[in-house]
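Work through the exercises below with the sequence and the coordinates open. Try each task before reading its solution.

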Amino acid sequence: MRLKAILCAMLGTAVIFLSLPFWFITLMAIIAGRAWSLATGLVGLVMLGVGAAFIYLAYSAIQDEKMDEARYHNMERQVLALAKKNKGSVTVADLINVGFESAVAEAVLDKMAKKGICDINIDATQSSGITTYSFPTLIPFGEENDRQVKV
């Protein structure tokens, strides 16, 4: 997404810079009293509008990326709160029950596992057939021996 923003910003800036000669020619035509000054002025105005549109697209792409990061951070916080409530253990089904979509729930838990925030509890997964994610820092003291967390 960053690439889209960079390309749009560069293209918008280039189009705006390319419109400058049209503005200069329009100014000279107005000074000289030429009838075609309106046409060059309109071309310059259209180019300026196109450049501004590309710059807005770049801004919009950056804002979308920031919103996606904020949404993911919020989902992470919800997962951690649920894990704390469930004594350090969460499944995709648990997240679906609190309103997550299935694919989103699995993606968030997998990303958290890759970041090292949680582990996949292989013993619980094998016994129940459901992928169980364990959050070792949220397991209440004294229950660590009851749960064997393996990666």
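The exercises go from the overall form to single residues.

**Ground rules.** This is a predicted model: local features need pLDDT of at least 70, side-chain atom pairs count only at pLDDT 80 or more, and totals for chains, interfaces and linings use all residues. Residues are numbered from 1 along each chain as its sequence is written, and side-chain values use heavy atoms, with hydrogens and water left out.

**Exercise 1. Set out the secondary structure of the protein and the order of its elements.**

Solution. Start with the assignment: helices (H or I, at least four residues) and strands (E, at least two) are DSSP runs, numbered from the N terminus. The protein has five helices and three strands. Along the sequence they give α-α-β-α-α-β-α-β. Helix 1 covers residues 2-32. Helix 2 covers residues 37-85.

**Exercise 2. Compare the radius of gyration of the protein with that of a compact globule of 151 residues.**

Solution. First, the rule: the radius is taken over C-alpha atoms, and the globule estimate is 2.2 Å times the number of residues to the power 0.38. For 151 residues, a compact globule would come near 15 Å, but the protein has 28 Å. Next, the box. Along the principal axes, the C-alpha atoms fill roughly 90 × 25 × 25 Å. Then the surface. About 10,000 Å² is exposed, and carbon and sulfur atoms supply 65% of it. These areas come from the Shrake-Rupley method with a 1.4 Å probe; for residues, only the protein chains shown count as cover. Last, burial. Buried residues (under 20% relative accessible area; exposed is over 50%, partly exposed in between) make up 28% of the 151 residues.

**Exercise 3. Work out the strand order of the sheet and name its edge strands.**

Solution. Two strands pair if DSSP finds at least two bridges between them. By that test, three strands form an open sheet in the order 1-3-2, with antiparallel pairing. Strand 1 and strand 2 (119-120) are the edges, each pairing on one side only. Strand 1 pairs with strand 3 (residues 132-134) over three bridges, in the antiparallel sense. Within this sheet, T91 stands opposite T132 in strand 3.

**Exercise 4. Classify the aromatic pair of Y56 and Y59.**

Solution. Two numbers are needed, because a pair of aromatic rings is described by the distance of the centres and the angle of the planes. The cut-offs apply to rings of Phe, Tyr and Trp (its six-membered ring): centres within 6.5 Å make a pair, planes under 30 degrees apart count as stacked, over 60 as edge-to-face and the rest as tilted. The count comes to one aromatic pair. For Y56 and Y59, the centres are 6.4 Å apart and the planes meet at 40°, so the pair is tilted. Both lie in helix 2, three residues apart, which means a separation of about one helical turn. Y56 is exposed, at 55% relative accessible area.

**Exercise 5. Find what sits over the ring of Y72.**

Solution. The test asks for NZ of Lys or CZ of Arg within 6 Å of the ring centre and within 35 degrees of the ring normal. The charged end of K111 sits over the ring of Y72, 4.2 Å from its centre.

**Exercise 6. Which residues does W23 contact, and which does L80 touch?**

Solution. Contact means heavy atoms within 4.5 Å. Take W23, in helix 1. Leaving aside neighbours within four places in sequence, W23 contacts G41, G44, L45 and L48. W23 is partly exposed at 31% relative accessibility. Now take L80, in helix 2. With residues up to four places away not counted, L80 touches M112, I117, F135 and L138. L80 is partly exposed too, at 32%.

**Exercise 7. Locate K87 and describe its backbone phi.**

Solution. K87 is found in the loop between helix 2 and strand 1 (89-91). Its phi is positive, about 60°, although K87 is not a glycine. K87 is partly exposed, with a relative accessible area of 43%.

Key:
Buried < 20%, exposed > 50% of the residue type's maximum accessible area, 1.4 Å probe, protein only.
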